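Please look through the structure shown here with its charged side chains in mind. The paragraphs that follow take its salt bridges one after another.

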Amino acid sequence: MAQNIDPINASSNSTVIKDGDGPASATKHQSTSKRLQQELLALMMSTDNKGISAFPNGDDMFSWIGTIEGVKATVYEGLVFKLSLTFPNGYPFTAPTVKFITPCFHPNVDAHGNICLDILKDKWSALYDVRTILLSIQSLLADPNNDSPLNGQAAQLWSDQIAYKKVLHDKHHDTKP
């Protein structure tokens, strides 16, 4: 995909510079930081974020905390989940690492908060941003991919929404102080 070609490392120079080495890494760091600042501003200015938010975790622009509210008329309605988003120097040409901080009982989320979502893996595009990522995860909550479960118990229960909701709420409420 052309939109995933990093212009900083796309030169015909055969010398490979690894992340963290030399001036190319500093340039990547600056351009990633600038992109993330623009995304933060866009998120803060947007009026249609529909139950999502994200902000840097302290002063580290490469580590964010996101929040997703469960979609209305789903078993997740009324629940709020926190996620960590960690951005590599190669962002947006490389996908961020996104994990649930709040335990999430879901067919496509494992016990460690890892998420099975194609746009965070092989379907990543540099055109995606933090808002797109959070909205996609929010959508995944309501419409899981049971063909590729990380949590077999959740995948089996999904067809019985009453039983699923009970387990979901028990697990979600067990995490509150």
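A salt bridge is counted here when a side-chain nitrogen of Lys or Arg comes within 4 Å of a carboxyl oxygen of Asp or Glu. In this predicted model, the side chains of D48 and R131 meet that description, with a distance of 3.3 Å from N to O. Because D48 sits in the loop between α1 and β1 (52–57) while R131 belongs to helix α2 (residues 130–142), the pair ties together parts of the chain that lie 83 residues apart in sequence. D48 is partly exposed, its relative accessible area being 36%, and R131 is likewise partly exposed, at 26%.

How many salt bridges does a search of the whole structure find? The search finds three, and the two that remain to be described each lie within a helix.

In helix α1 (residues 22–45), E39 and R35 are four residues apart, so that about one helical turn separates them. Their closest N and O atoms are 2.5 Å apart, and the two residues form a salt bridge. E39 has a relative accessibility of 7% and therefore counts as buried, since the cut-off for that class is under 20%.

Helix α4 (residues 161–173) holds the other pair, K166 and D170, which are also four residues apart, or about one turn of the helix. Their side chains meet in a salt bridge at 3.0 Å, taken from N to O. K166, at 54% relative accessibility, counts as exposed, whereas D170, at 38%, counts as partly exposed.

Definitions and conventions
Residues are numbered from 1 along each chain as its sequence is written. This is a predicted model: local features need pLDDT of at least 70, side-chain atom pairs count only at pLDDT 80 or more; totals for chains, interfaces and linings use all residues. Side-chain values use heavy atoms; hydrogens and water are left out. Buried means under 20% relative accessible area, exposed over 50%, partly exposed in between (1.4 Å probe, protein chains only).
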